[in-house]
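Me: I'd like to go through this one with you, question by question. Can you take me through it?

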Amino acid sequence: MRGNRTIRRSLWRWRRNPLRRREDVLEAWILLIVWLVIALVGPVAGVLGAQVSAHSAAQRRMERQAVTATLVSDVPHNALADGTTGGLIDATVRWTASDGTRHSGKAAVDGGLKAGSRVSVWTDRQNHLTPAPPTATQAGVDAAFMGAASSFAVVTAAAAGYYGARLVLNRRRRTALEDEWRQIGSQWGRTAS
């Protein structure tokens, strides 16, 4: 019984009513459209965002390859603020590409390595150093985040649009009510003849 009352109360803009204004009906239609956008476009945007992110990660994995490089000079230990050592330090490395050309560049390597040590670095198709591509797990997390962010963006835009329209409609309702009160106020004090 209580559920019926709630439904009837929420659908009052759709029923005939002498107090219902055009703005009320327009607000009801806008709200219906917003709910449809949230229900239909939100999930689609989420799926598309996730697919684009996953495709981008797969493309980066295809375009990059791991190569073995040699350190040119010793790499000092990286002293962290808490007194321990660890982390990556930029150091100059040299490597030979698959076409036989020699290259060098700066890559992030573990601290404490000696010159001549072998390290693994990532290069792109032009043999430029690049960051490592995302792992399958990282790509999955990124895709899930992008899907959720895309859905959230659609929901936020739809809600902001509704509240913006509602502000305009409330202003119009207030103006109409003030005009009606002025008309009624001008008739006060008149006697009926």
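Me: How many salt bridges does the structure hold?
Reply: This is a predicted model, so side-chain atom pairs count only at pLDDT 80 or more. One of the pairs is Glu23 with Arg172, and another is Asp179 with Arg182. The total the structure holds is six.

Me: How many residues apart in sequence are the parts that Glu23 and Arg172 tie together?
Reply: The two side chains meet in a salt bridge at 3.5 Å, N to O. Glu23 sits in helix 2 and Arg172 in helix 3 (residues 136-187), so the parts they tie together are separated in sequence by 149 residues.

Me: Is Glu23 buried or exposed?
Reply: Buried means under 20% relative accessible area. Its partner Arg172 has 40%, so Arg172 counts as partly exposed. Glu23 has just 9% relative accessibility, so Glu23 counts as buried.

Me: Which residue does Arg166 meet in a salt bridge?
Reply: Arg166 is in helix 3 and the partner is in helix 2, so the pair ties together parts 139 residues apart in sequence. Arg166 is partly exposed because its relative accessibility is 32%. The partner, at 2% relative accessibility, counts as buried. The N to O distance is 3.4 Å, and the residue is Glu27.

Me: Which residues are linked with Glu27 in a network of salt bridges?
Reply: Glu27 meets Arg166 in a salt bridge, so start from that pair, which ties helix 3 to helix 2. The network also takes in two further names, and the residues linked with Glu27 are Arg166, Asp24 and Arg173.

Me: What about Asp179 and Arg182: how far apart are the closest N and O atoms?
Reply: Both residues lie in helix 3, three residues apart, or about one turn of the helix. Asp179 is partly exposed because its relative accessible area is 34%, while Arg182 counts as exposed because it has 53%. The closest N and O atoms in their salt bridge are 2.7 Å apart.

Me: On to the sheet. Which strands are its edge strands?
Reply: The sheet is open, with five strands in the order 3-2-1-4-5 and antiparallel pairing. An edge strand pairs on one side only, and that picks out strand 3 and strand 5 (129-130).

Me: Which residue in strand 3 is the bridge partner of Arg94?
Reply: Strand 2 and strand 3 pair in the antiparallel sense over nine bridges. They form a hairpin with five residues between them, and Gly100 in the turn has a positive phi of about 95°. On the strand 1 side, Thr70 stands opposite Arg94. In strand 3, the bridge partner is Ser104.

Me: Which strand supplies the largest share of the largest nonpolar core?
Reply: That core has 12 residues, among them Val67, Leu71, Ile89, Ala91, Val109 and Val121. Strand 1 (65-71), strand 2 (88-96), strand 3 (102-110) and strand 4 (118-123) each give at least two residues. The largest share, four residues, comes from strand 2.

Me: Which residues make up the covered face of strand 2?
Reply: In a regular strand the side chains alternate between the two faces of the sheet. Here the uncovered face has Leu88, Asp90, Thr92, Arg94 and Thr96. The covered face is Ile89, Ala91, Val93 and Trp95.

Me: Last one: what is the area of the nonpolar surface patch that includes Val41?
Reply: Val41 is in helix 2 (residues 22-63), and counts as partly exposed because its relative accessibility is 41%. Trp29, Leu32, Leu36 and Leu40 join Val41 in the patch, whose area is about 470 Å².

Definitions and conventions:
Residues numbered from 1 in each chain as written. Predicted model: local features only at pLDDT ≥ 70, side-chain atom pairs only at ≥ 80, totals over all residues. Heavy atoms only, no water. Patch = residues over 30% accessible without salt bridge, like charges linked within 9 Å, V, L, I, M, F, W, Y side chains within 5 Å. Areas by Shrake-Rupley, 256 points an atom, 1.4 Å probe, with all protein chains shown as cover. Salt bridge = Lys/Arg side-chain N within 4 Å of Asp/Glu carboxyl O. Buried < 20%, exposed > 50% of the residue type's maximum accessible area, 1.4 Å probe, protein only. Core = buried A, V, L, I, M, F, W, Y, C linked by side-chain atoms within 4.5 Å. Pairing = 2+ DSSP bridges.
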